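I opened this entry to record what I looked up in one model. The sequence and structure come first.

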Amino acid sequence: LASGPAELSFQIRQQSEGVGGRLRIREHSCAAVYSAKDGAVQEQSFLVEGCAPGRPYTFSICCRLQLPGAEQQVSEFCEAVTACVPATTPGNKAPASLCSTAASVETKWTVEEPSVAAA
């Protein structure tokens, strides 16, 4: 085997309903981010752009490992998670956060209520 660093990356599969009810699949790739302190792979994040508010999307991820001089190894895709970007509302200043569950993801955000003067 040749020497050199291993390359670790992730493939994100995004699925949604397209025009005419057809399944639309987009795939995104991103390199792993390693900890500067110990070189370990920490929690990863990836910003998926272009998602329409109110439309559900299903995501799953697999890992790809390329060792020098060897065939690329690819994991199975993880269990899919569904998320929906909330529609923007007046006064909604906090960004939406996604909370993962075993079967789906629900959105949570804060909406500031207008103050009401006492009569």
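My notes on confidence, the core and one polar residue follow.

I worked from a predicted model, in which local features need pLDDT of at least 70 and side-chain atom pairs count only at pLDDT 80 or more, while totals for chains, interfaces and linings use all residues. Residues are numbered from 1 along each chain as its sequence is written, and side-chain values use heavy atoms, with hydrogens and water left out.

I checked pLDDT, the predictor's confidence in each residue from 0 to 100. The protein averages 74, and 69% of the residues score at least 70. Over residues 93-119 pLDDT stays under 50. Where pLDDT is low, the predicted coordinates should not be read in detail.

I then looked up the largest nonpolar core (buried Ala, Val, Leu, Ile, Met, Phe, Trp, Tyr and Cys residues joined through side-chain atoms within 4.5 Å). This core has nine residues, among them Leu 8, Phe 10, Ile 12, Val 48 and Phe 59. Strands S1 and S3 (56-66) each supply at least two of its residues; strands are DSSP runs of E, at least two residues, numbered from the N terminus. S1 gives the most, with three residues.

Next I took Gln 14, which lies in strand S1 (residues 7-17). Is Gln 14 buried or exposed? Gln 14 is buried, with a relative accessible area of 2%; buried means under 20% relative accessible area, with a 1.4 Å probe and protein chains only. I found a polar contact of 2.7 Å between the side chains of Gln 14 and His 28 (N or O atoms within 3.5 Å, one able to donate a hydrogen and the other to accept it).

How values were computed: Helix = DSSP H or I, 4+ residues; strand = E, 2+ residues; numbered from the N terminus. Buried < 20%, exposed > 50% of the residue type's maximum accessible area, 1.4 Å probe, protein only. Contact = heavy atoms within 4.5 Å.
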